[in-house]
Amino acid sequence: MTQSLHPTAKKGFSLGAKLYQQVRPSYPQETAIWLQDQLQIGENSTVVDLGCGTGKFLPFLIQTQAKVIAVDPVIEMLQQLQINYPTITSVQASSEQLPLNTDTIDAIVCAQSFHWFANLDALKEIHRVLSPTGHLGLIWNQRDIQVDWVKALADEIAPLEGDTPRYHSEQWKKVFEDQSLFKFERLNTFQQIHQGTVEQVVSKRLLSTSFIAAMSVAEQQKLKARFEQIVFDFTGLTAQDQIGFPYITYAYHFQKMPIEGLKRVYL
């Protein structure tokens, strides 16, 4: 999310902050190991959770015992974060204008957020505040569309996306082309199952999607019924039945490069 915040993000996340906190899945426990082993985050580190939202990723950063600064441009998201994590320093700011000193941050992690601000100005700002040996971690939970009913839900949602930035479009990768700021190190993938009722982990989870959360209540309720019908058609499960929603987590590790480094670094 940037200073020129996408209108879908501004409206959807402002209106749907509470639902986002309630129904979004967490991350697999392997994420904590990834933070420590790949991004070198530990008790002496200072780390920024950029595009932190309601703080869904904070438990994993807290496990590292690092000093954590949570940054997001949407005040309603930060208000939800502050309810659950009152001791975490939270800052309302744009990814293009971080109120942080140069070369002072050991790692920046963008959990479920980088696609919103995947532009060169934001990348330069991230590079500026990171220490000379700083790390950038990008992580996303993605629905596992190899499962038939999950794929059917994805197909139902796809026409509604419009120009909303999404991880799966891979448009965010373009910012790493022909730049000398970051070197791609490694991609790790993990699997997890989000357990709960069909209503909680499927239909309400999908209602928290930015462009759906920006719709009218009537439109959302029609979609909710449609999502639950799709699940029933494939599995025979109703809204209050228990289900496991499968996800694949993608974790990208980038290393900050000196300004005089390579001219071209491709993902």
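Here are some worked exercises on the structure above, which is a predicted model.

**Exercise 1. Getting an overview**

Task: Find how many helices and strands there are in the chain, and what share of its residues is buried.

Solution:
- Step 1. Start with the elements: the chain has 10 helices and 7 strands.
- Step 2. Turn to burial: of the 267 residues in the chain, 57% are buried.
- Step 3. Add the surface: about 11900 Å² of the chain is accessible, and carbon and sulfur atoms account for 48% of that.
- Step 4. Finish with the contacts: among those with a separation of 6 or more, 80% are between residues 24 or more positions apart.

**Exercise 2. The buried face of a helix**

Task: Work out which residues of helix α3 are buried and what they pack against.

Solution:
- Step 1. Helix α3 covers residues 30–37, and its buried residues are Thr31, Ala32, Trp34 and Leu35.
- Step 2. Look down the axis of α3: these buried residues fall within an arc of 160°, so they line one face of the helix.
- Step 3. A general rule helps here: an α-helix has 3.6 residues a turn, so residues three or four places apart point the same way.
- Step 4. Now see what the buried residues of α3 pack against: α4 (58–63) and the strands β4 (105–111), β5 (130–143), β6 (182–197) and β7 (242–256).

**Exercise 3. A second helix to try**

Task: Repeat the analysis for helix α7, asking which residues are buried and what covers them.

Solution:
- Step 1. In α7, residues 148–157, the buried ones are Trp149, Val150, Ala152, Leu153 and Ile157.
- Step 2. Around the axis they cover an arc of only 160°, so they sit on the same side of α7.
- Step 3. Their cover includes the helices α8, α9 and α10 (217–235), together with the strands β5 and β7.

**Exercise 4. Following strand β4**

Task: Describe the surroundings of β4, then name the strands it pairs with, taking β1 and β5 in turn.

Solution:
- Step 1. Of the 7 residues of β4, 6 are buried, so the strand is largely enclosed by the rest of the structure.
- Step 2. β4 pairs with β1 (residues 46–50) in the parallel sense, over 3 bridges. For a concrete pair, take valine 48, whose bridge partner in β4 is isoleucine 108.
- Step 3. β4 also pairs with β5 in the parallel sense, this time over 6 bridges. Here valine 109 stands opposite glycine 137 in β5.
- Step 4. Trace the link from β4 to β5: the chain passes through helix α6 (residues 120–129), and this β-α-β crossover is right-handed.

**Exercise 5. Another β-α-β unit**

Task: Say how many bridges join β2 to β3 and which helix belongs to their β-α-β unit.

Solution:
- Step 1. Strands β2 (residues 67–72) and β3 (residues 89–92) run parallel and are joined by 4 bridges.
- Step 2. One pair to look up is isoleucine 69 with its bridge partner in β3, threonine 89.
- Step 3. Helix α5 (residues 75–84) belongs to the unit with β2 and β3, and the unit is right-handed.

**Exercise 6. Two buried residues**

Task: Decide whether threonine 209 and valine 201 are buried or exposed, and list their contacts.

Solution:
- Step 1. Threonine 209 lies in the loop between α8 (198–207) and α9 (210–213).
- Step 2. Buried means under 20% relative accessible area. Threonine 209 has 2%, so it is buried.
- Step 3. Its side chain makes a polar contact of 3.4 Å with that of arginine 205. Not counting residues up to four places away in sequence, threonine 209 touches Arg24 and Arg166.
- Step 4. Valine 201 lies in helix α8 and is buried, with a relative accessible area of 2%.
- Step 5. Leaving aside neighbours within four places in sequence, valine 201 is in contact with His194, Gln195, Gly196, Ile243 and Phe245. Between valine 201 and phenylalanine 245 there are 6.8 Å from C-alpha to C-alpha, although they are 44 residues apart in sequence.

**Exercise 7. Positive phi angles**

Task: Say where aspartate 103 lies and what its phi is, then do likewise for glutamate 170, giving its place and its phi.

Solution:
- Step 1. Recall that most residues other than glycine have a negative phi.
- Step 2. Aspartate 103 is in the loop between β3 and β4, and its phi is positive, about 60°. Aspartate 103 is partly exposed, with a relative accessible area of 39%.
- Step 3. Glutamate 170 is in the loop between α7 and β6, and its phi is positive, near 65°. Glutamate 170 is partly exposed, with a relative accessible area of 41%.

Conventions:
Residues numbered from 1 in each chain as written. Predicted model: local features only at pLDDT ≥ 70, side-chain atom pairs only at ≥ 80, totals over all residues. Heavy atoms only, no water. Buried < 20%, exposed > 50% of the residue type's maximum accessible area, 1.4 Å probe, protein only. Helix = DSSP H or I, 4+ residues; strand = E, 2+ residues; numbered from the N terminus. Arc of directions from axis to C-beta. Contact = heavy atoms within 4.5 Å. Polar contact = N/O pair within 3.5 Å; in protein donor to acceptor, adjacent residues only side chain to side chain. Areas by Shrake-Rupley, 256 points an atom, 1.4 Å probe, with all protein chains shown as cover. Pairing = 2+ DSSP bridges. Right-handed = clockwise from strand over helix to strand, strands pointing away.
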